[in-house]
Each structure stands twice: as structure tokens, then as C-alpha cells.
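I opened my notebook to look up one helix and the empty spaces in this structure. Here is what I wrote down.

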Amino acid sequence: MKAIVSLNSGSSSIKFGVFRLDEGNHPVHSAGGKFEKIGIAPSLRIATDEGEVLLEKDCPDGAHLTHADLLDFLFDWATSHIASGTIVAIGHRVVHGGTRFVAPQRVTPELLDELETLSPLAPLHQPHNLVAIRTLARLAPDLPQVACFDTAFHHDKPEVAARMAIPRSLHEAGIRRYGFHGLSYEYIARALDRLDPALARGKVIAAHLGNGASLCAMAGGLSIDTTMGFTALDGLMMGTRCGRLDPGVVLHLQTQMGYSAEAVETMLYRQSGLLGVSGISSDMRALAASAEPAAREAIELFAYRTAREIGALTASLQGLDGLVFTAGIGENDADLRADICARLGWLGLTLDEEANAAHAPVISAPESRIAVRVIPTDEERMIALHTLRILQGDLP
């Protein structure tokens, strides 16, 4: 059996999927899982596509374990899981491709060096993406690897949606709005085309709501505008990231309050968002379970900011036919979906409360002018598909 492994290496987690290739070289999900709480107490769960748990492992004393250590373990498991076969390629999510890399690329040392220069634009993600690639190159130097970029889906959005009102020379130097979560949005566009082709041809906003959160305005399945910009710090409020912020706040922190650039970066990326507002947690589930007023305030602000940005993207699209919720919060938090949708009644959106509570695929009421769907995203599958396409001619 031949197989492709998809890897999504983040700041505190490593998600992965194993896809066996059938007789026609089509990827079929075999197993997947995630290492969580890296740097604190790593835990691993691996399950088959049918839900059979293959491995559960906790490392309560594993705060010292690095991404490279855990990838060593995962690679050993993956090669034994495909007992009678071969891993023929590994695909990676790489958050930032800059202006040059607008389609998946086979990894070379030169590519890695160029991607390293983009790490300051995605400090929570890019370094860990590249550590994964370098670790696998050490473990299996002859194994093909493919980099799949989260910015690529947004590359062809209108130029007006890419610009910031800064000197032209800076725009031409690459300081522009890129957009992220592209692998997720690409999957949603494909899934929607299969589930509701008429809606897919229309004006749709996809809401990728998780620890990282953004929105994408799509027309005919193509990105028209998105909330994240030059970095993955912009746009919606997130787990620990502030989202859209008056740049004067940064100037004030540095010139009047004595913050260093490093302290500002730490505050904006790691101490803000749900965690900063609540003072309790970056996890929406923990906040929903809390009786503290600050927890409720954080949830309300998250819903308010999301609804406001949906309104802005509706203007970018010049109308709205559908709204799709996806990612961890979007797929699983019925109360938050209801809160956001209640703020969008002015668009003619009416929620079916029972369908929403049941996490049904369609949660809008029959009379709603806006169709509302819940579609689980699958970035790992998109990575596998891109990897297969890049290496199709080289597969044994």
C-alpha cells in the first residue's frame, strides 16, 4: 500500500492525516490525529476514519519535548501503521508563501531558505512548519516533500483587496494583505460545490472560527476578500491574538508606555484575544463553562466582531447568498453560531434553532434569505490532494 502523510505543524500542536492511495492513485483517509499541548504536557490521539482509536498517549512530564522529538515518534508510528506499504510523500501546511509562492511547491533546500525569510510575518506558525519539513528531511532524506501555502488561495483576489493605504513603494516591497486559512477555504469551496452547486456559484462568506479565526468572501468559489492581512494577526478576535487593532495603540505602547517591539509582539500574539479579555482562557469551551462576567464579555466580543466583519465582507461581495461555519468553534459551538446569526437578521438571515442545536448541515430556516451551513473543514485532505498532484509523475 502506498500512502501520503499530511502534516500541519503549529505552535502547540501537530495535526496529521495518513491517506492511502487506491488503485487509481486517489487518496483515501486511513487514519489521523493530533499532538496537543506541546511545550506543556503533550498528548496524542490517533484514530481511523471509522473512529477506531489506534493510539492514545499522554506525556505529563513532557514539557521538554520539542516538535522534532514528537515528529520522530509520529514518523515511527506512521511507517509501522503502513506495515505492508510505503510512505511515498509528505505534504505540509506552510502558512506564508509571500508574493512568490502562489501554488504548492516541491521542497528544495533553496525553497526552505526563502521560506525562512517569511517567518517574521507568521511567528506563531512558520517556524514550526519549517521545523517539520527539516525534521522529516533528516529522518527520510529521499522522501519527497511538498509545501502547500495558506496564502495561495487568496493570491488572485482583486488588487484593491490586497492594498493598504501606505506608500506605494512599501506595497511593491511586499507589504500587502495576503490572507490565510487558504487550505481550509479551498476545501470549503470544493465541498460546497458538491453539496450545493447553485450556492457555490453565488456570494458566500466562509467563517473559519477556531483558535485562529478569519472570514473569507467567495464569489463563484474564488476568494474576493478576507479578514486576515499582512500577517495572521489581523481581522477577527482569536484565542490569543487581538485581531484588527488601531495601529496607534502600538505606537502608544512603545512611545508612552515603554514597551519593546518584542513585548508588543508577545502581547498581541500570545496575551490578547479571548485570553486577554477574559483573563481566564483562550479556549471557548472553558469560557462557556465559566460563570465569570469577563468570560461572557469575551464571548460577546468575539460574536460582535465576527458579525461586524461579516457585514463588511457582504459589502465587498455586494450582497450575500450564504454563510458557512467551519473549524473547531464554527463546527461545534451552536450557542456562538446562534449569537452571530442573531446579529445578522438585518440581512434576512433566520436561524432554525433546532437544526442549529443538532449541528445539522443546514441550520438556516426555510424562509431565510441567507442559506447557513456547517461544513467540517479538512485541510489535511487538501494537502494530500496538492501533494499528489505535484508528485503524480514521480509516484511508483
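**Cavities, a helix and a pocket**

I began with the second largest cavity: its lining divides into 5 nonpolar residues, 2 polar and no charged. The model I am reading is predicted.

Which residues line the second largest cavity? I listed Ala-189, Leu-192, Ala-200, Gly-202, Val-204, Met-218 and Gly-221. The two polar entries are glycines, because Gly counts as polar here. I noted a volume of about 30 Å³ for this cavity.

How many cavities of 30 Å³ or more does a search of the whole structure find? I noted 2.

Next I turned to the largest cavity. Its space comes to about 100 Å³. How does its lining divide into nonpolar, polar and charged residues? I wrote down 11 nonpolar, no polar and no charged. Among the lining residues are Val-5, Leu-7, Phe-16, Trp-77 and Leu-136.

Which element gives the most to this lining? H1 does, with 5 residues. I find Leu-71, Leu-74, Phe-75, Trp-77 and Ala-78 in the lining, and H1 covers residues 67-81. S1, H1 and S6 each supply at least two residues.

Leu-136 sent me to helix H3, since I had met Leu-136 in the lining of the largest cavity. H3 runs over residues 126-139 and has 14 residues. From its first C-alpha to its last I noted a reach of 20 Å, close to the 20 Å expected at 1.5 Å a residue.

Which residues of H3 are buried? I copied out Gln-126, Asn-129, Leu-130, Ala-132, Ile-133, Thr-135 and Leu-136. I then recalled the helix rule: an α-helix has 3.6 residues a turn, so residues three or four places apart point the same way. Gln-126, Asn-129, Ile-133 and Leu-136 are on the buried list.

What do these buried residues pack against? I found strand S1 (2-9), helix H1 (67-81), strand S6 (86-94), helix H2 (109-116) and strand S8 (145-149). S1, H1 and S6 came up before, as suppliers of the lining of the largest cavity.

Last, I looked at the second largest pocket. About 620 Å³ of space lies in it. It is lined by 21 residues, and the closest to its centre are Phe-230, Thr-231, Leu-233, Pro-247 and Val-250. Helix H8 (247-255) and helix H9 (261-270) are the elements that give two or more residues to this lining. Which of them has the largest share? I noted H9, with 5 residues. The pocket lining divides into 13 nonpolar, 4 polar and 4 charged.

Key: Residues are numbered from 1 along each chain as its sequence is written. This is a predicted model: local features need pLDDT of at least 70, side-chain atom pairs count only at pLDDT 80 or more; totals for chains, interfaces and linings use all residues. Side-chain values use heavy atoms; hydrogens and water are left out. Helices (H or I, at least four residues) and strands (E, at least two) are DSSP runs, numbered from the N terminus. The expected span of a helix is 1.5 Å times one less than its number of residues. Buried means under 20% relative accessible area, exposed over 50%, partly exposed in between (1.4 Å probe, protein chains only). Contact means heavy atoms within 4.5 Å. On a 1 Å grid over the protein atoms alone, a cavity is a set of points where a 1.4 Å probe fits but cannot get out, and a pocket is an open set with protein on both sides within 12 Å along at least five of seven lines; lining residues have an atom within 4 Å of a point. Grid points are joined across faces, edges and corners, and a volume is the space filled by probe spheres set on the points.
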